[in-house]
Amino acid sequence: MPWINDSEFTHASVCMVYTEPQSDFAYFVRLMDYSSNDDQYTWVYNDTKPSERNKRPAINPYSLYHPNTINKINRKTTDFICLQWEANTTRPDRPLIADPYTYRYNHTPNVYEVIICPNLNTIEDVYKQLTEGLPYNGNPTRQLLVVYYEDNEYYNAILVSRDNCVFNHETIKIIDASRLFNRYILKKSDVHEIPLLHQNTITRYLYLSKTLHGYHGRVSLQPSQYYDAIITEKRDELTRLEERIRDRSASYERLGKLVLPLQAETDETNKKLETARAAITSIHKQQEIELAEFTRRKESELAELERRKTTELAELNQHKQAELAELEQQRKAVLDRLDEDVALRLGLKSVAESLMSSHAADGVSGTSIASDGDGSVTHLLRTVPYPKIPVNRSDERFTRVLANNLRAFGIVDTSKPRESPNELASACGIILSPARLLAVDSTFAADLANALSYTMRGEPARHATVPVDWNDARALDRLLSDTGDGVLVLDNVFDTVNESLLFALSRLRSESTIILPIGAYGNLRLVAAEVWDHVFYLPTERYVKLPATPTTMQRFASAFHRSETKWQMAFDTATAMQEHTSLPLSSLMLPAAVSARFPIPGDGRQWTSAHLALQTYAAFGLDRARTIRIDGKEPPSVKELLSRIERGRNGR
């Protein structure tokens with residue numbers, strides 16, 4: 001299988017993270033080598049005294065080390081990593097490493113950890129141990145093989161995902177045991193013991209192959225329930241009745257035994273005794289027949305009762321589903337009519353204001369309009385600065401200065417409320433280069449604009465309230481020219497669905513950073529999908545605004561420069577996005593340009609997923625927008641954004 005830059009880094013190894021005792025120094029101990037020629041692992045770990053490890057040949061180092069990889073690996077997630085390296089003949093103990101966080105590997109082979117507990121012999125044992133807590137110490141691979149039976153040559157194991165487990169207090173517990181798990185029969189020769197590098201009390205193992213062999217079907221861990229309370233109660237009743245009948249029969253038999261000694265007294269007594277015996281036998285047989293018939297009848301009644309119950313429940317469920325579908329259809333029809341009414345009202349309002357403007361041009365007084373001197377009429381629109389705050393210059397990094405200003409305005413991360421929002425500041429520093437039009441929640445818009453303006457220019461941002469349906473290209477161009485490269489907040493654009501102004505902003509070339517607040521989230525579903533080709537939505541769902549009155553602001557000591565976009569990288573990112581969104585490439589260039597600038601691809605996907613959800617929502621509707629995933633899960637920012645839009649829509 002291909003690796004990045006095979007001509008330089010020709011070796012690949014699965015390593016285990018090891019930290020020196022009583023020290024923070026960490027490195028990677030080499031356990032297995034991977035060969036791309038035969039696509040197989042080879043166990044290579046060979047314990048060597050610390051004094052002799054530097055004497056090993058360059059092609060067989062004891063360990064690997066790269067400071068960037070050590071700093072970025074999440075040791076709370078896994079103890080293992082697959083690295084590509086090349087021998088270093090100058091320093092045999094320091095091989096050259098291809099850092100996976102800087103260079104993307106085209107392919108990383110699978111690694112499976114094997115958990116062997118000697119007390120497990122059956123599937124039921126596995127279920128009990130995984131629900132109560134299976135002894136385990138460490139951070140596993142993405143998928144685990146849990147052994148539940150062994151013989152001389154083979155292990156029987158089930159495949160469990162790490163995401164379906166909880167690890168705490170040196171135990172592993174399963175989260176969802178109701179699903180079906182793949183079962184495999186493993187050769188013992190393919191399972192290798194891991195050295196106890198961390199002084200663990202529990203031995204750990206690795207599967208010596210990147211491909212699982214010996215698939216043996218699927219199995220459920222959770223025990224099934226077979227008995228019904230009603231059936232059990234009836235059968236208990238039948239059992240008690242049968243016991244009473246048998247007791248009565250036994251009484252007759254004892255009576256017959258008492259009569260036998262008297263048989264010798266007289267023949268008459270003997271005849272009566274024989275008659276009594278025949279009668280007893282006849283009664284006993286009749287009772288057995290009646291018991292069998294009674295049992296058959298009751299079992300038939302119970303089966304019929306179960307069948308009727310199942311049929312009635314199915315019919316009731318089908319009826320309720322039909323009623324719910326009809327109610328949902330009626331609800332959507334009402335919402336669609338409301339949307340049409342809103343659009344109609346906005347259109348009528350635009351026509352009315354156009355008529356008022358026409359009358360004003362003919363000399364009608366009483367409207368808030370003014371002449372430009374060439375016969376055209378426009379609304380007065382002026383920008384006003386926010387209140388000024390004292391400023392100090394700072395020699396710290398731009399993102400650090402911006403984070404401090406955001407914290408001063410009371411903006412904090414809900415997961416780190418005592419710290420400055422460094423991740424939001426870093427994202428803003430990256431997003432400002434490809435995007436100048438930012439859609440932001442109205443709770444954060446003014447404070448975010450001021451924090452940016454003080455950081456870049458040492459002065460407050462400016463703001464203006466746009467009248468309903470206002471769109472004057474000449475006045476807008478003049479307004480942006482006056483703002484220069486400053487920060488401007490345009491209120492009332494999204495909340496009144498002023499699409500003509502949004503498109504006009506996208507066509508004008510300006511150095512200004514424009515913040516567009518969003519207050520009425522329900523109105524976002526009325527915005528054309530093409531608007532989001534030029535306006536970037538900045539997600540703030542994980543942040544809150546605390547009451548705060550800043551007394552001083554910080555200004556970045558150097559000038560803030562926007563970097564040029566690497567369009568080839570942006571185009572490649574947009575092509576990858578198109579496979580999951582079905583949006584045209586032209587619509588994906590803005591989020592792709594933003595995502596491509598993040599050094600870690602996962603961070604880029606996190607900050608652009610909400611924007612992609614808005615584009616998909618506007619183009620294809622809510623159901624398609626809900627399909628956006630990161631690592632198989634719906635991002636929290638996407639879930640919260642779509643919920644706010646639907647709440648705003650249903651609340652009208």
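Colleague: Which residues of helix 6 does helix 5 meet?
Modeller: This is a predicted model, in which local features need pLDDT of at least 70, side-chain atom pairs count only at pLDDT 80 or more, and totals for chains, interfaces and linings use all residues. Residues are numbered from 1 along each chain as its sequence is written, and side-chain values use heavy atoms, leaving out hydrogens and water. Helix 5 (helices are DSSP runs of H or I, at least four residues, numbered from the N terminus) brings F398, T399, R400, L402, A403 and L406 into contact (heavy atoms within 4.5 Å) with helix 6. On the helix 6 side, they meet N422, L424, A425, S426, C428 and G429.

Colleague: How many residues of that contact are nonpolar?
Modeller: Let's sort them by class (Ala, Val, Leu, Ile, Met, Phe, Trp, Tyr, Cys and Pro are nonpolar; Asp, Glu, Lys and Arg charged; the others, Gly among them, polar). Between helix 5 and helix 6, four residues are polar and one is charged, while the number of nonpolar residues is seven.

Colleague: What orientation do helix 5 and helix 6 have to each other?
Modeller: Their axes (lines fitted to C-alpha atoms over the stretch in contact, with angles from 0 to 180 degrees between N-to-C directions) are 8 Å apart and make an angle of about 125°. Under 35 degrees counts as roughly parallel, over 145 as roughly antiparallel, 65 to 115 as roughly perpendicular and the rest as oblique. Helix 5 (residues 398–408) and helix 6 (residues 422–431) are therefore oblique.

Colleague: At what angle do helix 10 and helix 11 cross?
Modeller: These two, at residues 567–581 and 585–595, have axes that come within 8 Å. They are oblique to each other, because their axes cross at roughly 120°.

Colleague: How many charged residues are in the contact of helix 10 with helix 11?
Modeller: Helix 10 contributes W567, F571 and M577, among others, and helix 11 contributes residues including L585, L588 and P591. The contact holds 11 nonpolar and five polar residues, and the number of charged ones is no more than the record of classes shows: none.

Colleague: Which element gives the largest share of the lining of the largest pocket?
Modeller: That pocket (on a 1 Å grid over the protein atoms alone, an open set of points where a 1.4 Å probe fits, with protein on both sides within 12 Å along at least five of seven lines; lining residues have an atom within 4 Å of a point) has 43 lining residues, with Y101, T108, R142, R605 and D631 closest to its centre. By class, 20 are nonpolar, 11 polar and 12 charged. The largest share, five residues, comes from helix 12.
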